[in-house]
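Please look through the following chain with its secondary structure at hand. The paragraphs below take up its sheets, its helices and one loop residue in turn.

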Amino acid sequence: MPFPSSPNLPSSFQSTIEKGFSFSGESLHSGQKCEVSLAPSKENTGIRFYNTDYPEHGFFSLSPACLLPGNLATIIAHPEHPEARISTTEHFLAALRAFELDNLDITVSGGEIPIQDGCAAFFSQKLAQAGRKELPAKRKWIKILQEVHIAHEGAETALFPSEYPQFQIEIDFPAPAIGKQGMSCFLDADFFTKEIAPARTFVNADQLEQLRQMGLIKGGTLDNALVVDGDKIVNPEGTRYPNEFARHKLLDAIGDLYCAGLPILGRFSGKKSGHNINRMLLQKLFSDSHNYEIVEAPPLYLPSSLKD
């Protein structure tokens with residue numbers, strides 16, 4: 001069945017895609033061509049990845065145990081074989097979370113998810129075309145029971161108990177073209193597709209040479225990233241939203257938190273946050289069993305909202 005155009009309630013049942021599909025493209029950091037294939041899987045399988053560059057290691061399940069440190073991308077790897085890593089997963093994972101996909105087998109060649117359009121619009125379109133198939137098992141959620149908070153190098157992230165999934169981001173950059181921005185929402189597929197997925201990744205112009213010397217952003221172009229130069233946006237078309245930078249940070253957070261392996265029933269708050277502190281937040285969440293419980297009852301959604 002196709003995804004509903006405007007879902008207000010999450011599904012009570014687990015899901016996968018109706019039909020498998022593949023895509024390819026250039027990677028952001030290595031600049032090499034990478035290929036990704038998605039195949040449906042049965043209930044209680046979870047989201048599984050397979051790096052075909054290391055065929056002997058097989059599939060591994062998405063979980064905090066597979067997260068590797070990284071400031072410029074969300075990097076996952078086989079927990080027992082860290083060389084079998086897959087980088088730049090955040091935009092792709094955010095789309096899987098927003099479209100309520102619980103069970104998939106995903107194969108990746110080239111070690112990185114292609115950057116495509118620098119956001120999640122491409123992935124959202126492909127998932128909508130693939131369709132969603134419900135499975136005969138109740139969805140499981142990670143319910144937040146008490147506040148979990150991390151502060152690190154001027155950034156903060158936290159998870160709070162909530163009756164529905166909620167995300168809130170605040171950013172503050174020295175570049176006047178960015179400055180202070182905010183964004184909050186209740187997540188559903190329609191809202192994600194229209195308001196979050198098109199928000200592109202970004203970089204400061206004065207960082208470009210340093211990043212290239214580090215062997216990064218070899219595939220970066222104005223077609224897949226916003227480049228900020230002080231009070232100017234280098235991209236001729238400018239921004240898609242007045243607060244596109246905050247929206248993209250929220251997009252990243254949605255993808256990062258799905259590395260928990262299940263959707264989180266709680267409220268996420270991030271201030272000047274990024275991939276690494278989001279990873280640290282998940283580690284702290286699962287370090288104490290009093291922080292959470294696994295539940296089957298779905299949350300009730302409030303109407304989608306957006307705050308600039």
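How many bridges join strand β7 to strand β8, and do these strands run parallel or antiparallel? In this predicted model, β7 (residues 75-78) and β8 (residues 81-86) run antiparallel and are joined by three bridges. The two strands form a hairpin with two residues between them, and within this pairing His-78 of β7 stands opposite His-81 in β8.

Another part of the chain forms an open sheet of five strands, in which the order is β2-β3-β9-β4-β5 and the pairing is mixed. At its edges are β2 (21-26) and β5 (60-61), each of which pairs on one side only. The partner of β2 is strand β3 (residues 33-40), and these two pair in the antiparallel sense over six bridges, with Val-36 in β3 serving as the bridge partner of Phe-23. Helix α2 (residues 121-130) packs on this sheet, where the helix touches β2 and β3, and the direction of α2 makes about 165° with that of β2.

A further open sheet has three strands in the order β16-β17-β18, again with mixed pairing. Its edge strands are β16 (202-204) and β18 (232-233), each pairing on one side only. Strand β17 (residues 226-229) and β18 run antiparallel and are joined by two bridges, and in β18 it is Lys-232 that stands opposite Asp-229. Helix α5 lies across β16, β17 and β18, and runs at about 130° to β17.

The same helix α5 also leads to a helix-helix contact, for α1 (residues 90-98) and α5 (residues 244-257) pack with their axes 7 Å apart and at an angle of about 75°. Because angles from 65 to 115 degrees count as roughly perpendicular, α1 is described as roughly perpendicular to α5. On the α1 side the contact is made by Glu-90, His-91, Leu-93, Ala-94 and Arg-97, and on the α5 side by His-248, Leu-251, Asp-252, Ile-254, Gly-255 and Asp-256. Sorted by class, the residues of this contact between α1 and α5 are four nonpolar, three polar and four charged.

Helix α6 (residues 275-286) can be considered by its span and by its burial. From its first C-alpha to its last, this helix of 12 residues reaches 17 Å, which is close to the 16 Å expected at 1.5 Å a residue. The buried residues of α6 are His-275, Asn-276, Ile-277, Asn-278 and Arg-279, together with Leu-281, Leu-282 and Leu-285.

The last region centres on strand β11 (141-144) and on the loop between β11 and β12 (148-152), in which Leu-145 lies. Strand β11 pairs with β21 (residues 292-295) in the antiparallel sense over four bridges, and with β19 (residues 264-265) it runs parallel, joined by two bridges. Ile-142 takes part in both pairings: its bridge partner in β21 is Ile-294, while in β19 it stands opposite Ile-264.

Is Leu-145 itself buried, exposed or partly exposed? Because its relative accessibility is 39%, Leu-145 counts as partly exposed. Apart from its neighbours within four places in sequence, Leu-145 is in contact with Pro-161, His-290, Asn-291, Tyr-292 and Glu-293. Glu-56, by contrast, is 89 residues from Leu-145 in sequence and 39 Å from it in space, taken C-alpha to C-alpha.

Methods
Residues are numbered from 1 along each chain as its sequence is written. This is a predicted model: local features need pLDDT of at least 70, side-chain atom pairs count only at pLDDT 80 or more; totals for chains, interfaces and linings use all residues. Side-chain values use heavy atoms; hydrogens and water are left out. The expected span of a helix is 1.5 Å times one less than its number of residues. Buried means under 20% relative accessible area, exposed over 50%, partly exposed in between (1.4 Å probe, protein chains only). Axes are lines fitted to C-alpha atoms, for helices over the stretch in contact, and angles run from 0 to 180 degrees between N-to-C directions. Angles under 35 degrees count as roughly parallel, over 145 as roughly antiparallel, 65 to 115 as roughly perpendicular and the rest as oblique. Contact means heavy atoms within 4.5 Å. Ala, Val, Leu, Ile, Met, Phe, Trp, Tyr, Cys and Pro count as nonpolar, Asp, Glu, Lys and Arg as charged, and the others, Gly among them, as polar. Two strands pair if DSSP finds at least two bridges between them.
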